[in-house]
Every structure is written in C-alpha cells, then in structure tokens.
Amino acid sequence: MIVKLLSGDQPRSPILTAILLLILVCLAGAPFIFDGVRPLDTAARICIFIVLVASYDLLLGYGGIVSFAHTMFFGLGAYGVALASTHMGRGFDALLVGSIAGALAAVVLALLIGLFSLRVRAIFFAMITLAVASAVAVLVSQFSGLTGGEDGLTYKIPRVLTSANRMGEFLGTKISGKILNYYLIFFASLALFLILLRIVNSPFGRVLQAIRENDFRAEAIGYRVVWYRTVATCLSAATAALAGSLFAIWLRYVGPDTTLSFEIMLDILLMVVIGGMGTMYGAVIGAVLFIMAQTYLQNLMGVASEATHGLPLLPDLLEPDRWLMWLGILFILSVYFFPTGIVGRLRERSTS
C-alpha cells in the first residue's frame, strides 16, 4: 500500500527512510509536539516550500530545464487567493476560485513561455524566463490600485481558519482555527507532493528524464521534445501556483517581497542543490534544512556566542548578525561533501 502510494519510488536507503519518517511525524504532529506560534509557522512554511521546491525539481532535476521564473508562478497563485478574498469576501469559495484562477493563469503563462522559448537552449531559456519574471514583478508593483503595489494586500480568510475560532482542548493543546488552517496546508501539500511523485515515476516522467540525458536521441526515436518540455513547464507552474495559494491562505498577506522576490528563487535553487536534483525526496530534505537554518540559525549563533564569551575571536565570529555568512559556509560544505545532494549521497552509500 505504501509502495503504491509512493508510486514505487522508495527512499532506497535506511537512513533516508528514517529521516523522512521523522520529518513526516514532526510535520503531522507539529501543533501537538511543539509549543508556540513560531514552530507552527515554520512547519507550515516547510510544507509549502517542499511542494514549491519539488515542482521546480520537476523542471530542473527531471527535465533539465533551467528557469528563473518559478517565483512568478508562485506569486500568481498567492495573488489569485488575495484578490479573490479581497473582492469576494472571506469565504471558502473565494479561496477555491482564487487558487484555480492563479493555477490557470500560471499554466497559460507557462504555455506561452514554453511554446515560444523552449526551442532555445539552456542559458538562453533561463534568461528569457528571468526577463518575463522581472517584468511581472514590475507590473505587480506598478498596478498598486489592483495589487497593492509594494505594500501588498492584506485580506481576511474564513473565520473557521483563524485563531478566533476556539474549539476546546485536545491532548493538552488548545485547538483553534489556526491549527485547522495548518492541517489544510499539511494535507494539501502532502497530496500535491504525492501527485508530483506519481508524475515523475510515470511513463511521462521517464521520457522527461530521457530528454534530460540526451534530447537529440529522444527526438530521433520519435518523442516531441518541445511538447514534453512544455507540458512539464505547465505542470510545474500549476503546482507552484497552488503552493503560492497555500502560502497566501496561511500568511493572509501577499506582497512582491514575500512571493515574487528573486531571493526566493535563489532559495529554491539552494534547496534543490542541497537535497539533490532529480529526487523528489531531495525537495523534502532541502526545504527542511534550509528553512530550519533560516529560522533558528541566528538564535543558535547567539547562544554559541554567549557560551564562548571570554575566548578570543570566536564570540565575534559567532555574532548573530553574521548568520548569513555561516549559512553560506554551510551551503558550500554541503555541496563539497554531498555533490549529488544529501539524498543522492545516502542512496550511493546504501548501494555500495
């Protein structure tokens, strides 16, 4: 049953299996295992970014397509929910309409980009996607009457999904609409991840990997390379848009910096590389490690700086303000010691 649910794509490493099970248990029980608002917010972001990174890995890891427009699709989904909630009110119909509209807009834009740009190669396609994403980000900032401009949009979601909805206590934890909202994010993210896992392990996914390895040979034996790449781009865009919709439902705020920023695109790339390209499980590992580091590394460095007080040089190096430097060092070390990503290395060890 579990093998079928995973579409036959098993972790193939005891250590990786244990890590993935631990992550699943922690995310599934986050409201009851961890206290406070910050851990719950971190868990929700991890769920959303697992889907976002996995959808990008469908392009980069499985299709060999380098794109810098993924945050654009993410933003379309987020703004779809924001605009629908602003104009239709705080109902589930607004969330549904916004999510579907955002996903459809992402598919249409991805289709146009794919049909007109996927015939060019590698870096040229990447530059085209970067130009389109930059243009969309500028348009969102300029149309302040519709999108809120640089200030973004704040809106209301159904009351049942907010902290105002009190539903008693369970296992010593006060149940509120915020926890319901979290489980909406968790189960939706899990479903999207399993769908992506099914796609990459389907005949379509196998052809996509063949095109990645040698597109000339794939075309020579009869596969329409541009068509497959375009469909992959559309599927990836739709999934990224749905991840953006979940992010908007959770955050209740959408702005250019939170959804369309190029920094988010760089974060996605880092997560893919850390976890391992061409492995859906790499998206899980990469998203968890990166978001945990973003959230807690600064605090850990503050503790370490105080613990080494009185020693020469160390307290200055461990100053919390230098957390980005250490994050960069950790990334370099991960690439050096895990050139095929953490998942790739663990699978290599289990087969050797």
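This report describes the pocket, the cavity, the nonpolar core and selected helical segments of a predicted model.

**Annotated segments**

The unreviewed UniProt entry lists residues 15-34, 46-65, 95-116, 122-140, 180-200, 226-254, 266-293 and 323-344 under "transmembrane region". Two of these spans are set out below.

| Span | Helix | Strand | Distance between end C-alpha atoms |
|---|---|---|---|
| Residues 266-293 | 86% | 0% | 15 Å |
| Residues 323-344 | 86% | 0% | 27 Å |

**The largest pocket**

The largest pocket encloses about 600 Å³ of space. Its lining comprises 20 residues, of which Leu-6, Leu-20, Leu-24, Leu-190 and Tyr-281 are the closest to the pocket centre. Two or more lining residues are contributed by each of helix H1 (2-5), helix H2 (14-28), helix H4 (37-60), helix H9 (177-200) and helix H15 (280-307). H2 supplies the largest share, with six residues. In terms of residue class, the lining of this pocket consists of 17 nonpolar and three polar residues, with no charged residues.

**The largest cavity**

The structure contains one cavity of 30 Å³ or more. The space in the largest cavity amounts to about 40 Å³. Leu-59, Ser-67, Ala-69, Phe-73, Ile-113, Phe-125, Thr-129 and Thr-233 form the lining of the largest cavity. Five of the residues in this lining are nonpolar and three are polar, while none is charged.

**The nonpolar core**

The largest nonpolar core has 104 residues, and the members touching the most other members are Leu-27, Ile-48, Phe-73, Tyr-182, Phe-193 and Met-280. Helix H4 provides the largest share of this core, namely 16 residues. Phe-73, one of the core members named above, is also among the residues that line the largest cavity. For Phe-193, the contacts beyond four places in sequence are with Ile-50, Ala-54, Met-280, Tyr-281 and Val-284. Among these partners of Phe-193, Met-280 is itself one of the core members with the most contacts to other members, and Tyr-281 is one of the residues closest to the centre of the largest pocket.

**Leu-235**

Leu-235 belongs to helix H12, which covers residues 225-251. Its relative accessible area is 30%, and Leu-235 is therefore classed as partly exposed, since the buried class requires under 20% and the exposed class over 50%. When residues up to four places away in sequence are set aside, Leu-235 touches Leu-58, Ile-199 and Phe-204. Between Leu-235 and Val-107 the C-alpha to C-alpha distance is 7.4 Å, although the two are 128 residues apart in sequence.

Terms used: Residues are numbered from 1 along each chain as its sequence is written. This is a predicted model: local features need pLDDT of at least 70, side-chain atom pairs count only at pLDDT 80 or more; totals for chains, interfaces and linings use all residues. Side-chain values use heavy atoms; hydrogens and water are left out. On a 1 Å grid over the protein atoms alone, a cavity is a set of points where a 1.4 Å probe fits but cannot get out, and a pocket is an open set with protein on both sides within 12 Å along at least five of seven lines; lining residues have an atom within 4 Å of a point. Grid points are joined across faces, edges and corners, and a volume is the space filled by probe spheres set on the points. Helices (H or I, at least four residues) and strands (E, at least two) are DSSP runs, numbered from the N terminus. Ala, Val, Leu, Ile, Met, Phe, Trp, Tyr, Cys and Pro count as nonpolar, Asp, Glu, Lys and Arg as charged, and the others, Gly among them, as polar. UniProt positions are given in the numbering used here, feature names are shortened, and annotations may be inferred rather than shown by experiment. A nonpolar core is a set of buried Ala, Val, Leu, Ile, Met, Phe, Trp, Tyr and Cys residues joined through side-chain atoms within 4.5 Å. Buried means under 20% relative accessible area, exposed over 50%, partly exposed in between (1.4 Å probe, protein chains only). Contact means heavy atoms within 4.5 Å.
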